[in-house]
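Student: Could you take me through one part of this protein in detail? I would like a close look at its largest nonpolar core.

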Amino acid sequence: MNCRFDTTGQRRSFTPVDNNFFTEYLPHANELQLKVYLYGLMLCFHPAIDEDLCNSLGVSEREAAEAFCHWQALGLVRIISESPLTVEYHTEPMTSRGGTADFKYGTLVKSLNTLTAPRQFGMSELAHVYDWIEVYGLDEGAVLELVAYCMEQKGRRVSINYMSKVAENWSDAGVRTAEAARNAIDSYRIKKHGATAVLRAWNRRRRPTEDEMALYDKWTKDWGFTDDAVLAALPRLTVSGTPNFVYLDELLDRLRSEKLTGKEAIELNDEQTRREKNFAKMLFDRAGKSEPATATQRAQIAMYLNDYKMPHELLFLAADLARGKNEPFGAMKIMLNDWHANHIETVGEAEAYLKEREEKRAAKRAPRGRMGAKAPYAQTAISDSEFDALFVDLDHDLPEEQ
C-alpha cells in the first residue's frame, strides 16, 4: 500500500532551508544562483512535483549548470552529469578545509567556473588551487592564466595533478604573477611554434620573427600543411645557399598546387624524383652526354616510361644508338617517337624494325644495270665505235690556236 500527497498538496508543503544557508551562503550568491539552488532543493524534497527546473525558471540548461557550479564549488551540491543536467544535493557542506577558504577565494572560484565551464572544479580540486596560491605563491591572476594554458595544451579535461606540476614549475622559475605567467606562456608558445623548428633545422638559434610565425601559420592553418610536411619539404631548399622563409613559402606554394601537403606525399614525391634523376643519369651516361638532365628532360623521359609505357631497356637502346651524335638526347627523342608511332614496345621489336629499315635503305643504294638489276630507265645497245665517237680527242679534234 502506498500513500502520498497529490501534486497540489506537495506544492502547498514546505521546503526546509538551514538558517546557516542564509547567514553564510546567501550573501555571496546572485539572484540566478539563489533561484536555481532553492528550486532544485524543492524538487529534492518533493519529487512528485515533477517540474523541469529550466522551464520553470526560464533559463537555459547552460545557465542552470553555471549557477550550480557556484554551489558545487562551495560543497553544497555535486554535478553528476552535464547532459542531461543532473545535480546531487548534499545535506552537509562538503568542505575539505573546514574553514573560510571558499569564501576567501569566492571571486576566483567564480572566475574559474566561467573559464572551465561546463567543467567545474570540485572541492578536492579547489584544494589544489588554493595550494598554488598559499604554498607556491601564485596570485589569482596567475592561477587563471595557468588553468587556461593547461586546458589549451591538454584539453578541457586536463588533470589537476598536471596543473599542479605546472604551478610548481612556475613557482620555481619565479612565475607568480599574471603578467609573468603571460610572458612565460608567450615564450613557451614561441619555443613550441613550428617556425622555431624550421629555424633549428637550418641550425639557426634565434627566435622566429612575427612575420615568420605568420607565414608558418598560413602554411599550416590556411594551406593545410602538417608540421611534419613543412619539415619534410626543407631538404628541397638545400640547393639554396641561404634558405629562408620567403624561399620556403614559394616552395610550399608549388607543392600546394601539386596537392602535396602531407609528409608521406612529399617523401613519396621526393623518392620518385630521385629515381627519375638516377635513371636519367644512366641514360645520359650511355648516350655519352656528360651534363645532368634538366627537369624538362626528366619529364620527357618520364613521359616515355609512364605515358608511352616503354620499358627501361628500350630507352637504353635508344641511348646507345644516340651515342656520338651532336645532340644525343634529341636523337634519342626522334628514335623513341618513331618507335612509339610504329607501336614498337620491346627491344626485340626495335632491333627488327631497325634491321628492316636498314635493308630497305641498302636496297635503294645498290648499283643497277650490268650487275643484273633492272635499271629504272630505258637502255639502248651501242657499239664500240659509236661509244668512241661520244668523246672528244683533245689532241686531234680541237682547231689549232691562231
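**A close look at the core**

Tutor: Happy to! Let's start from the outside: the accessible surface of the protein comes to about 25,700 Å², and carbon and sulfur atoms account for 51% of that area. Do keep in mind that this is a predicted model. Of the 402 residues in the protein, 35% are buried, and the secondary structure consists of 21 helices and two strands.

Now to the part you asked about. The largest nonpolar core holds 29 residues, and Trp132, Leu146, Met163 and Trp170 have the most contacts inside it. At least two core residues come from each of α7 (106-116), α8 (123-134), α9 (140-154), α10 (160-172) and α11 (178-192). Helix α9 gives the largest share, with seven residues.

Tryptophan 132 is a good place to zoom in. Setting aside neighbours within four places in sequence, Trp132 touches Gly137 and Leu138, then Val143, Leu146 and Val147, and also Ile160, Met163, Ser164 and Ala167. Another core lies apart from this one; it has 26 residues, including Phe279, Ile301, Phe316 and Ala319.

You may also want to know about the cysteines. Cysteine 150 is buried, at 0% relative accessibility, and cysteine 69 is buried too, with a relative accessible area of 1%. A disulfide is a covalent bond between the sulfur atoms of two cysteines. Searching the whole structure turns up zero disulfides.

Finally, for the protein as a whole, 57% of the contacts with a separation of 6 or more are between residues 24 or more positions apart.

Technical notes: Residues numbered from 1 in each chain as written. Predicted model: local features only at pLDDT ≥ 70, side-chain atom pairs only at ≥ 80, totals over all residues. Heavy atoms only, no water. Core = buried A, V, L, I, M, F, W, Y, C linked by side-chain atoms within 4.5 Å. Buried < 20%, exposed > 50% of the residue type's maximum accessible area, 1.4 Å probe, protein only. Helix = DSSP H or I, 4+ residues; strand = E, 2+ residues; numbered from the N terminus. Contact = heavy atoms within 4.5 Å. Disulfide = S-S within 2.5 Å. Areas by Shrake-Rupley, 256 points an atom, 1.4 Å probe, with all protein chains shown as cover.
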